[in-house]
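Me: I'm new to this one and I'd like to understand the labels people put on it. Can we go through them together?

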Amino acid sequence: MDAVMNETVKVTMNVDGWYGFAGFGQMGGNIVKSIHEKGFSNILAANTAQSDLDGLDIPEECKYHILGGYGSNKDRKKAKQLLADNNCENFDLLVNEIKERFKDCKVIFLIGSTGGGSGSAIVPAVKRRLQAETDKIICVVTCMPDDNASIKEFMNCYEFFQELESIEGSGATFIIDNNKNENKLILNEQFTCYLDAFLNGETASARGVVDRAEIDNVLSQRGACIVNKQGSDKARTQAVVERIRDNIYAPLEGDGVVANGILLYYLQIAQGNGGQER
Ligand SMILES: Nc1nc2c(ncn2[C@@H]2O[C@H](COP(=O)(O)OP(=O)(O)O)[C@@H](O)[C@H]2O)c(=O)[nH]1
Ligand SMILES: [Mg+2]
């Protein structure tokens with residue numbers, strides 16, 4: 001494996017310009033901050049709550065306050081109503097901002113929790129619009145409530161997936177399971193680390209690893225997607241198979257909401273640096 005890695009040459013394509021990240025609500029903002037720290041500059045954090053945006057350590061020009069909002073207090077309907085106000089003026093402004101800001105990107109990631117109000121309400125709505133109005137690949141990054149969450153959060157989660165599944169078209173969905181760590185920021189860090197490695201994984205080598213078209217092909221598939229990262233010394237078949245079950249993502253079987261009709265894509269990014277273990 002090392003021999004393969006040694007003959008690997010990084011392709012110097014501008015990976016950053018290819019991808020845009022729009023986070024909604026608190027979880028969305030946090031993930032966007034984390035991905036920004038990895039060197040991705042096409043970011044936007046939108047929120048109904050100005051106070052959430054104020055606390056977010058990203059450039060001011062990447063913050064977007066949804067007009068008239070004071071936070072949604074886990075109330076999806078309230079966030080939906082805000083978008084619908086004035087003949088959907090707020091919604092149109094938000095969608096136009098995203099289209100304009102990411103006009104040169106090939107892939108847009110829409111990020112927000114399932115259990116909250118703002119992100120949960122806005123992510124599916126924006127996905128539907130962008131899918132209809134652009135030819136970009138629209139991916140979703142979200143999280144499942146942990147077992148201590150309120151009934152309200154689980155109801156939001158259910159509605160979120162119902163809405164998401166009703167949207168025609170393609171685009172991968174990454175579903176972080178908040179039960180996997182009490183510290184949500186650590187989960188964010190793990191996820192953005194894996195995603196960064198995956199998006200930067202294009203390499204040119206005698207035997208080839210993955211190219212940009214293959215990466216985008218994975219991102220364009222409909223269904224749940226997981227990305228992990230593992231040291232090349234550990235990337236044996238057995239370890240790879242184990243990580244399909246044991247990772248930071250929502251389980252892909254049993255009675256969970258996410259178990260219905262999804263495709264599983266497992267990408268093992270073998271890195272020479274020992275990788276990132278959780
Ligand atoms: N993984 C992860 N989960 C988060 C984060 N922030 C909030 N959550 C979870 O998201 C849910 C609350 O949603 P939140 O994003 O605060 O709501 P919103 O601001 O109204 O969209 C709860 O289940 C939280 O545990 C985060 O940064 N990472
Ligand atoms: Mg919150």
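Me: Which residues in α3 meet which residues in α8?

Reply: On the α3 side they are Asn30, Ile31, Ser34 and Ile35, and in α8 they are Leu185, Asn188, Glu189 and Thr192. By class, the residues of this contact split into three nonpolar, four polar and one charged. Bear in mind that the model is predicted.

Me: Why are α3 and α8 called oblique to each other?

Reply: Helix α3 covers residues 25-37 and helix α8 covers residues 184-199, and they pack at an angle of about 45°. Angles under 35 degrees would be roughly parallel, and 65 to 115 roughly perpendicular. About 45° fits neither range, so the pair counts as oblique. Their axes are 9 Å apart, and α3 passes α8 in a right-handed crossing.

Me: What makes α5 and α6 oblique to each other?

Reply: The reasoning runs along the same track: the angle here is about 45°, with the axes 11 Å apart. Oblique is the word for what is left once the roughly parallel, antiparallel and perpendicular ranges are taken out, so α5 and α6 are oblique to each other. The crossing of α5 past α6 is right-handed. Among the residues making this contact are Arg76, Leu83 and Ile98 of α5, along with Ser118, Ala125 and Leu130 of α6. The contact of α5 with α6 has nine nonpolar, two polar and three charged residues.

Me: How do you know that lysine 74 is buried?

Reply: You count neighbours: a residue is buried if 20 or more other C-beta atoms lie within 10 Å of its own. Lysine 74 has 20 C-beta neighbours inside 10 Å, so it counts as buried. Lysine 74 sits in the loop between β4 (63-65) and α5 (76-101). It also has a positive phi of about 60°, although it is not a glycine.

Me: And what makes cysteine 88 count as partly exposed?

Reply: Partly exposed is what lies between the two cut-offs, 20 or more for buried and 12 or fewer for exposed. Cysteine 88 has 14 C-beta neighbours inside 10 Å, so it counts as partly exposed. This residue lies in helix α5, and its phi is near 65°, a positive value in a residue other than glycine.

Me: Why is glutamate 159 called partly exposed?

Reply: Glutamate 159 has 16 other C-beta atoms within 10 Å. To be buried a residue needs 20 or more, and to be exposed 12 or fewer, so glutamate 159 ends up partly exposed. It lies in helix α7 (residues 151-165). Glutamate 159 and glycine 115 are 44 residues apart in sequence, yet 9.4 Å apart in space, C-alpha to C-alpha.

Me: How much of the chain counts as buried?

Reply: Of its 278 residues, 41% do. The chain has 10 helices and 10 strands. Take the contacts with a separation of 6 or more: 69% of them join residues 24 or more positions apart.

Me: Which residues come nearest to ligand 1?

Reply: There are 23 residues around ligand 1, and Gly25, Asn30, Ser113, Gly116 and Gly119 come nearest. The elements giving two or more residues to the shell are α3, α6 (118-133) and α8. By class, that shell has seven nonpolar, 14 polar and two charged residues, and Gly counts as polar in this scheme.

Key: Residues numbered from 1 in each chain as written. Chains lettered and ligands numbered in written order. Predicted model: local features only at pLDDT ≥ 70, side-chain atom pairs only at ≥ 80, totals over all residues. Axes fitted to C-alpha atoms, helices over the stretch in contact; angles between N-to-C directions. Helix = DSSP H or I, 4+ residues; strand = E, 2+ residues; numbered from the N terminus. Parallel < 35°, antiparallel > 145°, perpendicular 65-115°, else oblique. Left-handed = near helix turned anticlockwise from the far one by under 90°. Contact = placed C-beta atoms within 7 Å. Near = placed C-beta within 6 Å.
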